[in-house]
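This report walks through one protein model, from its overall make-up to the surroundings of a few annotated positions. Please keep the sequence and the structure in view while reading.

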Amino acid sequence: MRIFLLIATNMAILLVASIVMSLLGVNTSTMGGLLVFAAIFGFGGAFLSLAISKWMAKKTMGCEVITTPRDNTERWLVETVARQAEQAGIKMPEVAIYQSEELNAFATGPSKDNALVAVSSGLLYGMSQDEIEGVLAHEVSHVANGDMVTLTLIQGVVNTFVIFAARVVAGIINNFVASNDEEGEGLGMFAYMGVVFVLDMLFGILASMIVAYFSRIREFKADEGAAKLAGKEKMIAALERLRQGPATGAMPAQMSALGINGKKSMSELMMSHPPLEKRIAALRAS
């Protein structure tokens, strides 16, 4: 199901972008046309992903939205999010639970007033209420800060850079090969597409580092916001509990950047979340 949803989303993005390009009469053989092409695909994909983010999160994670609380724990969860949302000055987000032993939660949605806050069953039944309050405040702060839209804009910019730069460099390589080829034919279609693919991957790694950097800044800001909504000690207690595990891993890669506890990486440059130790130290120093 997850693979099907990912393929379907990408196909929808390609279809919409192709229709827009046809309507605008974009000619990708010129620099201006190539830039428009890159922007349509770069920003189009990012904003379409944002528009369907709640739906995708529910389907991907199997989220059960709480419409009528089934027990006191769910009632407390909804009431806590409602209170914090009111404090933060945003519309009440949808509240959901997804089944996972990991201690994690995430917030997503196309706008501050159309958001979803979801917690794992492992977090809901494996942490104290004070710790959960800190986690919820962190997610509500993400929504109140407009982080989903901000990261979408950043993703759109870097996507545009990757698409544009890869094709410009590939064109330069193709022209160089053609100038040194007796027949002047250049790379050929398949070789050219292979070069574009490799350059997309290389520039994509750089772009991922940029997005990850802004994501880490976003996490520090959400921790600060959570300290104001729920209290510094509750937020620190939540982060301390997250350090104890169980380790993350159930959340798919496309969703992990949204979680309060991100996936680990060999290099901090590629991490969407700062190490928990740094987040705790930053809160204690504030």
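## A hairpin as the way in

The model is a predicted one, and a convenient place to begin is a residue pair at the end of a hairpin, where Ser111 stands opposite Asn114 in strand 4. The hairpin joins strand 3 to strand 4 through two residues, and these two strands, the latter covering residues 114-120, pair in the antiparallel sense over five bridges.

Strand 3 covers residues 105-111, and five of its seven residues are buried, so the strand is largely enclosed by the rest of the structure. Phe106 belongs to strand 3 and is buried, with a relative accessible area of 0%. The C-alpha atoms of Phe106 and Glu139 are 6.2 Å apart in space, although 33 residues separate the two in sequence.

## Overall make-up

The protein contains eleven helices and four strands, and 46% of its 286 residues are buried. Among the contacts with a separation of 6 or more, 68% are between residues 24 or more positions apart. The accessible surface comes to about 14500 Å², and carbon and sulfur atoms account for 63% of that area.

## The sheet

How are the strands ordered in the sheet? The four strands form an open sheet in the order 1-2-4-3, with mixed pairing. Strand 1 and strand 3 stand at the edges, each with a single partner strand, so one side of each is left without a neighbour in the sheet.

Strand 1, residues 64-65, pairs with strand 2 in the antiparallel sense over two bridges, and within this pairing Val65 stands opposite Ala96. Strand 2 and strand 4, by contrast, pair in the parallel sense over five bridges; here Val95 stands opposite Val117, and Tyr98 has Ser120 as its bridge partner in strand 4. Strand 2 covers residues 94-98, and four of its five residues are buried, so this strand too is largely enclosed by the rest of the structure.

## Helix 6 and its packing

Helix 6, which covers residues 129-144, lies across strand 3 and strand 4 and runs at about 20° to strand 3. Helix 6 also packs against helix 9, residues 232-244, at an angle of about 100°, with the two axes 7 Å apart. Angles of 65 to 115 degrees count as roughly perpendicular, and helix 6 and helix 9 are therefore roughly perpendicular to each other.

On the helix 6 side, the contact is made by Asp130, Glu131, Glu133, Gly134, Val135 and His138, while helix 9 contributes Lys234, Met235, Ala237, Ala238 and Arg241.

## The annotated binding site

Which positions carry the "binding site" feature in the UniProt record? The unreviewed entry places this feature at His138, His142 and Glu219. These positions span 82 residues in sequence, yet no two of their C-alpha atoms are more than 8.4 Å apart, so they gather at one spot.

Are the two histidines, His138 and His142, buried or exposed? The cut-off for a buried residue is under 20% relative accessible area; His138, with a value of 0%, is buried, and His142, at 2%, also counts as buried. His138 lies in helix 6, and His142 has its place in helix 6 as well.

Leaving aside neighbours within four places in sequence, His138 is in contact with Glu219, Ala222, Asp223, Ala226, Met235, Ile260 and Arg279. With residues up to four places away in sequence again not counted, His142 touches Asp147, Met148, Arg218, Glu219 and Ala222. Glu219, itself one of the annotated positions, is thus among the residues in contact with His138 and is also touched by His142.

## Annotated transmembrane regions

The unreviewed UniProt entry also places the feature "transmembrane region" at residues 7-26, 32-52, 157-177 and 189-214. For two of these spans the model can be set beside the annotation. Over residues 32-52 the chain is 95% helix and 0% strand, and the C-alpha atoms at its ends are 30 Å apart. Residues 157-177 are 100% helix and 0% strand, and the end C-alpha atoms of this span lie 30 Å apart.

Note on methods:
Residues are numbered from 1 along each chain as its sequence is written. This is a predicted model: local features need pLDDT of at least 70, side-chain atom pairs count only at pLDDT 80 or more; totals for chains, interfaces and linings use all residues. Side-chain values use heavy atoms; hydrogens and water are left out. Buried means under 20% relative accessible area, exposed over 50%, partly exposed in between (1.4 Å probe, protein chains only). Two strands pair if DSSP finds at least two bridges between them. UniProt positions are given in the numbering used here, feature names are shortened, and annotations may be inferred rather than shown by experiment. Contact means heavy atoms within 4.5 Å. Accessible areas come from the Shrake-Rupley method with a 1.4 Å probe; for residues, only the protein chains shown count as cover. Axes are lines fitted to C-alpha atoms, for helices over the stretch in contact, and angles run from 0 to 180 degrees between N-to-C directions. Angles under 35 degrees count as roughly parallel, over 145 as roughly antiparallel, 65 to 115 as roughly perpendicular and the rest as oblique.
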